[in-house]
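I am opening these notes to record what I looked up about surface patches and charged pairs. The entries follow in the order in which I made them.

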Amino acid sequence: MTDAKLQNDELDALTAEVRRLNDHRFVKIHNSTWKLMWFQLLRGLAFGFGSVAGATILVSIVGFILNQMEVVPIVGEWAKQLASEIMSESQRVETGE
């Protein structure tokens with residue numbers, strides 16, 4: 001008799017726990033397709049905004065540090081040389097050389 005009562009009590013406790021989990025907000029969101037789509041849309045927007053904001057801050061900090069180290073003029077000269085080579089090559093292609 002005690003084993004049957006113990007099993008019955010465990011079954012009641014398990015039933016109560018499953019009922020409590022089914023009433024949880026996370027499970028209710030996943031039970032509705034529209035609520036789930038809305039949740040995922042908001043989640044994606046938040047992730048996208050956070051990624052862009054984080055990248056902007058990181059690039060600003062790196063640019064500021066490079067500017068303070070005066071590395072940017074070196075890169076600027078390299079970019080100017082590269083641009084002039086591209087322009088001269090494009091002019092040669094246009095003239096047919």
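Entry 1, nonpolar surface. I looked for nonpolar side chains at the surface of this predicted model, and I noted a patch formed by Ile57, Leu58, Ile61, Val62, Phe64, Ile65, Leu66 and Met69. Together these residues have about 770 Å² of accessible area. I then took leucine 58 as one of the patch members and placed it in helix H3, which spans residues 33-69. Its relative accessible area is 53%, and because the cut-off for exposed is over 50%, I list leucine 58 as exposed.

Entry 2, count of charged pairs. How many salt bridges does the structure hold? I find 3 of them, and I went through each in turn, keeping in mind that side chains of opposite charge can pair when their charged atoms come close.

Entry 3, lysine 5 with aspartate 9. In this salt bridge the closest N and O atoms are 3.7 Å apart, a distance that I checked against the cut-off of 4 Å. Both residues belong to helix H1, which covers residues 2-22, and because they are 4 residues apart there, about one helical turn separates them. Lysine 5 counts as exposed at 53% relative accessibility, whereas aspartate 9, with a relative accessible area of 38%, is partly exposed.

Entry 4, glutamate 17 with arginine 20. I stayed with helix H1 for this pair, whose members are 3 residues apart and therefore separated by about one helical turn. The closest N and O atoms of the salt bridge between glutamate 17 and arginine 20 lie 2.7 Å apart. Are these two partners buried, partly exposed or exposed? Glutamate 17 counts as partly exposed, at 33% relative accessibility, while arginine 20 has a relative accessible area of 53% and is exposed.

Entry 5, glutamate 89 with arginine 92. For this pair I moved to helix H4, residues 72-95, where glutamate 89 and arginine 92 sit 3 residues apart, about one turn of the helix. Their side chains meet in a salt bridge with an N to O distance of 2.1 Å, and I copy that value here as computed. Glutamate 89 is partly exposed, its relative accessible area being 38%, and arginine 92 is partly exposed as well, with 41%.

Notes. Residues are numbered from 1 along each chain as its sequence is written. This is a predicted model: local features need pLDDT of at least 70, side-chain atom pairs count only at pLDDT 80 or more; totals for chains, interfaces and linings use all residues. Side-chain values use heavy atoms; hydrogens and water are left out. Helices (H or I, at least four residues) and strands (E, at least two) are DSSP runs, numbered from the N terminus. Buried means under 20% relative accessible area, exposed over 50%, partly exposed in between (1.4 Å probe, protein chains only). Patches are made of residues with over 30% relative accessible area and no salt bridge: like charges are joined within 9 Å, nonpolar side chains (Val, Leu, Ile, Met, Phe, Trp, Tyr) within 5 Å. Accessible areas come from the Shrake-Rupley method with a 1.4 Å probe; for residues, only the protein chains shown count as cover.
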